[in-house]
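Reader: Before I accept the labels attached to a model, I would like to see how each of them was reached. Could you take me through the reasoning?

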Amino acid sequence: MFLFDSVKTFGSYLILMKRVITPPQRWRIFFRQMMHEVYQLGVNSIPIVLLISFFIGAVICIQMKLNIESPWMPKFVVGYATREILLLEFSSSIMCLILAGKVGSNITSEIGTMRVTQQIDALEIMGVNSANFLILPKISALMAIIPILVVFSMAAGVGGAFAIGKFTGIMTAQDLIVGLQYEFNQWYIWCSIIKAIAFAFIITSVASFYGYNVKGGSIEVGKASTNAVVSCSALILFSDMVLTQLLMQ
Amino acid sequence: MIEISSIHKRFEDQEVLKGITATFENGKTNLIIGKSGAGKTVLLKCIVGLEIPEEGTITYDGRDIIHMHKKEAAKMRQEIGMLFQNAALFDSMSVLENVMFPLDMFSSMTYNERIKRARACLERVNLIEAQDKSPEELSGGMQKRAAIARAIALGPKYLFCDEPNSGLDPQTSLIIDELIHGITEEYNITTIVNTHDMNSVMNIGDHILFLANGELSWEGNNKEILNTDNKTLNEFLFSSEILRQVKEQALHSK
Ligand SMILES: Nc1ncnc2c1ncn2[C@@H]1O[C@H](COP(=O)(O)OP(=O)(O)OP(=O)(O)O)[C@@H](O)[C@H]1O
Ligand SMILES: [Mg+2]
């Protein structure tokens with residue numbers, strides 16, 4: 001039964017996406033909406049991304065120092081491991097999990113409210129493809145801005161690691177810098193960005209799907225937001241596994 | 001002119017509409033009345049194409065909308081204006097932007113022409129002073145008027161209203177009714193209004209359809225409705241003692 005329901009849900013998701021991914025009826029309005037969403041979903045998320053990345057960078061650095069430093073390991077290992085964790089997983093997957101909570105619930109409740117107050121019906125009556133009109137700007141906006149968020153997150157994380165090293169004196173700045181630069185592989189950054197773009201699609205499309213299909217009133221909108229965040233998170237983790245396997249081979 | 005014939009609609013095991021046939025002429029305010037749950041909203045949704053009936057045909061001036069090609073249907077939607085029960089204004093936009101929205105999407109006018117047209121519509125509903133407010137700053141009656149302005153922005157041929165008076169006081173209801181009636185005659189629109197407001201029935205009912213148990217139980221105008229001997233309709237209309245007395249007096253004074 002559960003399997004049947006999942007296949008059915010996935011089917012209606014695909015049908016919705018087929019309506020979403022078509023050329024906009026008016027490009028001018030599409031770009032206006034998209035700019036608005038870039039601001040709403042992307043620029044407004046920068047503070048939380050910077051804040052969380054900074055502290056996670058610092059915490060990872062402390063944990064590495066406490067747990068893997070031993071006399072027979074080179075001193076730069078702490079910086080090296082911190083950087084790898086940030087670049088490979090934190091700045092793409094974990095940051096997108098955080099965004100799923102912030103951006104995902106925001107999208108679901110916005111579109112869900114439009115559904116229950118008949119604003120979506122009003123669009124349909126006018127002959128507007130409401131799915132395309134409401135959802136496509138969100139998907140393209142977050143996919144366009146997410147690389148910037150990823151890079152910001154990386155920078156803030158490394159900054160956090162560096163700050164903790166420098167101000168607490170748990171290690172010398174010199175060791176940390178050597179570690180942070182040790183065998184740097186540019187491909188890892190691209191990997192993160194590619195993964196994050198995929199996650200941005202998942203967050204916006206899945207959250208929109210939940211909002212678009214709300215039936216009932218404000219309680220259902222609330223439930224749909226929760227479900228959207230749970231589904232987004234699970235899907236991000238699952239596709240993280242697949243993408244990491246594909247990209248890191 | 002809109003013609004519907006033997007419309008059937010069911011939800012799971014509940015048959016909501018059991019074969020409705022009617023003709024709605026242009027330039028007339030057509031009212032659909034009936035008890036709560038009689039299927040008024042479902043019928044209106046079928047007529048505008050938000051629900052698909054299992055059986056029956058719906059034609060707009062001879063054009064069958066159920067079997068119409070999608071592209072053609074989208075085009076025809078621009079000839080339709082609809083007023084929803086709760087106004088359904090877009091709350092991310094100001095009142096003026098709401099009225100301009102259909103023009104932005106579908107007209108080839110320049111920016112200035114669109115603004116001018118939107119202002120003219122707002123003036124028609126007497127709401128020009130609220131053009132820069134956002135929908136949540138308006139009272140219920142003002143929201144309804146803004147929604148009417150949006151519905152007429154593209155100069156529709158068909159206007160649908162789902163309970164335009166719900167939640168409004170009698171005086172404000174009257175203003176909305178007059179507006180709908182006036183616009184209908186002015187632009188020769190085919191208008192269909194769902195209502196259970198007796199004032200509207202008496203004031204603007206050029207053509208009234210009474211739905212009961214998913215069937216068309218009575219049809220006529222606001223003069224004929226006073227003399228009807230349809231039992232369910234009388235029970236529905238004159239549910240209170242006061243109204244019964246008023247009816248008696250009205251009939252005697254003639
Ligand atoms: N989407 C739906 N799914 C299942 N049943 C529905 C649906 N929409 C309406 N119904 C049922 O159809 C019947 C008629 O509902 P409808 O909304 O048309 O009533 P109404 O005449 O508009 O009432 P009101 O005056 O209260 O608005 C109701 O019994 C309702 O439960
Ligand atoms: Mg109704």
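Author: This is a predicted model, and we can begin with chain A, where 48% of the 249 residues count as buried, a label given to residues under 20% relative accessible area.

Reader: What pattern does chain A follow along the sequence?

Author: Chain A has 9 helices and 0 strands, so that its pattern reads α-α-α-α-α-α-α-α-α, and its C-alpha atoms fill a box of roughly 70 × 45 × 35 Å along the principal axes.

Reader: Turning to chain B, what makes the approach of Gln14(B) to ligand 1 a polar contact?

Author: An N or O atom in the side chain of Gln14(B) is 2.9 Å from an oxygen atom of ligand 1, and because the cut-off for such a pair is 3.5 Å, the approach qualifies as a polar contact. By that cut-off of 3.5 Å, two further pairs qualify: a polar backbone atom of Gly37(B) is 2.8 Å from an oxygen atom of ligand 1, and a polar side-chain atom of Thr41(B) lies 2.5 Å from an oxygen atom of the ligand. The protein covers 63% of the 630 Å² of accessible area that ligand 1 has on its own.

Reader: Which element gives the most residues to the shell around ligand 1?

Author: Helix H1(B) gives the most, with 3 residues, and by class the shell has 4 nonpolar, 6 polar and 3 charged residues.

Reader: How do you know that Asp197(B) has no salt bridge?

Author: The nearest side chain of opposite charge to Asp197(B) is that of Lys144(B), 9.9 Å away, and because a salt bridge requires a distance within 4 Å, that pair does not qualify. Asp197(B), which is buried, sits in the loop between strand E8 (190–195) and helix H7 (198–204) of chain B, and its side chain reaches the backbone nitrogen of Asn199(B) at 2.9 Å.

Reader: Why is Asp61(B) called partly exposed?

Author: Its relative accessibility is 43%, and because partly exposed covers values between the 20% limit for buried and the 50% limit for exposed, the label follows. Asp61(B) is found in the loop between strands E4 (55–60) and E5 (63–64) of chain B, and its phi is near 45 degrees, a positive value in a residue other than glycine. Most residues other than glycine have a negative phi.

Reader: And why is Ala88(B) called buried?

Author: Ala88(B) has a relative accessible area of 3%, and because buried means under 20%, the term applies. Ala88(B) also has a positive phi, about 55 degrees, although it is not a glycine, and it lies in the loop between strand E6 (80–83) and helix H3 (95–106) of chain B.

Notes:
Residues numbered from 1 in each chain as written. Chains lettered and ligands numbered in written order. Predicted model: local features only at pLDDT ≥ 70, side-chain atom pairs only at ≥ 80, totals over all residues. Heavy atoms only, no water. Polar contact = N/O pair within 3.5 Å; in protein donor to acceptor, adjacent residues only side chain to side chain. Areas by Shrake-Rupley, 256 points an atom, 1.4 Å probe, with all protein chains shown as cover. Helix = DSSP H or I, 4+ residues; strand = E, 2+ residues; numbered from the N terminus. Nonpolar A, V, L, I, M, F, W, Y, C, P; charged D, E, K, R; others polar. Buried < 20%, exposed > 50% of the residue type's maximum accessible area, 1.4 Å probe, protein only. Lys, Arg positive; Asp, Glu negative; His and termini not counted.
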